[in-house]
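Colleague: Could you take me through the terms you use for this model? I'd like to hear the reasoning behind each label.

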Amino acid sequence: MKILIFNTPEEAAARVAAQITTTVQQNPEARLGLATGGTMPPVYCHLVQAHERGEVSFARAVSFNLDEYVGLAPTHPCSYHSFMQAELFGQTDFAPQNTHLPHGDAPDPTAESLRYEALIADQGGVDLQLLGIGPNGHIGFNEPSSSLASRTRVKTLTQATLQANRPYFDHGEKPPQYAITMGIGTILEARAVVLLATGAGKAQVVAEMIEGPLSAACPASSLQMHPQVTVVLDQAAAAALKHRAYYHTVHPEGREDAA
Ligand code: PGA
């Protein structure tokens with residue numbers, strides 16, 4: 001794993017955005033795996049700004065989001081479709097037919113999961129997968145105990161995840177209990193992965209992901225098996241890492257020109 005520790009969350013988000021921008025500049029038809037969650041808007045803001053400056057076009061890029069809530073139509077304001085539209089797609093030149101998310105309102109969510117998995121494969125797989133991490137170690141909605149070989153499927157969300165997502169739903173409206181999520185096996189097939197974690201609330205789980213055992217108890221630890229993973233952190237999210245001094249030696253303040 002390449003572990004980059006930046007002084008601020010802003011610098012960390014800028015580094016992640018730069019990797020996405022470079023990927024699309026080098027291959028305008030790049031297939032991006034995208035993520036939602038409170039950590040991602042600063043990344044998408046950088047992408048929108050780069051697009052506005054004329055540095056990058058997403059017109060031929062293809063995107064696959066990690067997950068979507070079961071039962072929510074794309075037009076529901078709390079759907080991940082709506083999140084992506086507001087934060088990225090609606091502010092850039094992504095072609096609507098090239099931006100894919102699972103359909104949470106599909107009549108048969110299991111069939112929809114199979115369709116989504118096949119669609120990713122048909123399009124040639126993901127070139128760069130963007131990830132956040134849940135405080136319980138989930139990537140996508142692969143909650144603890146998810147098979148490390150899992151494919152896109154319906155998962156039941158944990159109480160901790162439901163609690164974390166409650167603020168995104170209107171007062172009184174409960175977050176859905178189920179989601180369609182890419183599996184861990186699906187995620188591990190991406191050619192490259194970049195994971196962003198910021199803030200003290202992620203420090204413990206970041207240490208488990210990087211330095212703990214490979215275990216379904218921390219689904220993000222599965223990334224230890226992937227040959228092209230960059231973990232981008234701010235100081236707060238890196239605070240519980242035992243080998244922090246080593247990571248700083250390799251990449252002082254997140255710089256990659258030092259080695
Ligand atoms: P967050 O969520 O960015 O809102 O912390 C990350 C996740 O649950 O994957």
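Colleague: Where does the ligand sit?

Modeller: Happy to help, and keep in mind that this is a predicted model. The ligand sits in the largest pocket.

Colleague: What makes a residue part of the ligand's surroundings?

Modeller: One of its heavy atoms has to lie within 4 Å of the ligand. The residues around the ligand are Gly37, Gly38, Thr39, Gly132, Ile133, Gly134, His138 and Lys202. By class, that shell has 1 nonpolar, 6 polar and 1 charged residues. Gly counts as polar here.

Colleague: Why is the approach of Thr39 to the ligand called a polar contact?

Modeller: The cut-off for a pair of N or O atoms is 3.5 Å. An N or O atom in the Thr39 side chain lies 2.5 Å from a ligand oxygen, so the pair qualifies. The Lys202 side chain also has an N or O atom 2.6 Å from an oxygen of the ligand, and a polar backbone atom of Gly38 is 2.8 Å from a ligand oxygen. As for burial, the ligand alone exposes 280 Å², of which the protein buries 77%.

Colleague: And the rings: how many aromatic pairs does the structure hold?

Modeller: There are 8 aromatic pairs, including Phe58 with Phe94.

Colleague: Why is the pair of Phe58 and Phe94 called stacked?

Modeller: Their centres are 4.7 Å apart, within the 6.5 Å limit, so they pair. Their planes differ by 10 degrees, which is under 30 degrees, so the pair counts as stacked.

Colleague: What makes it a link between distant parts of the chain?

Modeller: Phe58 and Phe94 are 36 residues apart. Phe58 is in the loop between helix 2 (41-52) and strand 3 (62-65), while Phe94 is in the loop between helix 3 (80-87) and strand 5 (99-100).

Note on methods
Residues are numbered from 1 along each chain as its sequence is written. This is a predicted model: local features need pLDDT of at least 70, side-chain atom pairs count only at pLDDT 80 or more; totals for chains, interfaces and linings use all residues. Side-chain values use heavy atoms; hydrogens and water are left out. A polar contact is a pair of N or O atoms within 3.5 Å; within protein, one must be able to donate a hydrogen and the other to accept it, and residues adjacent in sequence count only if both atoms are side-chain atoms. Accessible areas come from the Shrake-Rupley method with a 1.4 Å probe; for residues, only the protein chains shown count as cover. On a 1 Å grid over the protein atoms alone, a cavity is a set of points where a 1.4 Å probe fits but cannot get out, and a pocket is an open set with protein on both sides within 12 Å along at least five of seven lines; lining residues have an atom within 4 Å of a point. A molecule sits in a cavity or pocket if more than half of its atoms lie within 2 Å of its grid points. Rings of Phe, Tyr and Trp (its six-membered ring) pair if their centres lie within 6.5 Å; planes under 30 degrees apart count as stacked, over 60 as edge-to-face and the rest as tilted. Helices (H or I, at least four residues) and strands (E, at least two) are DSSP runs, numbered from the N terminus.
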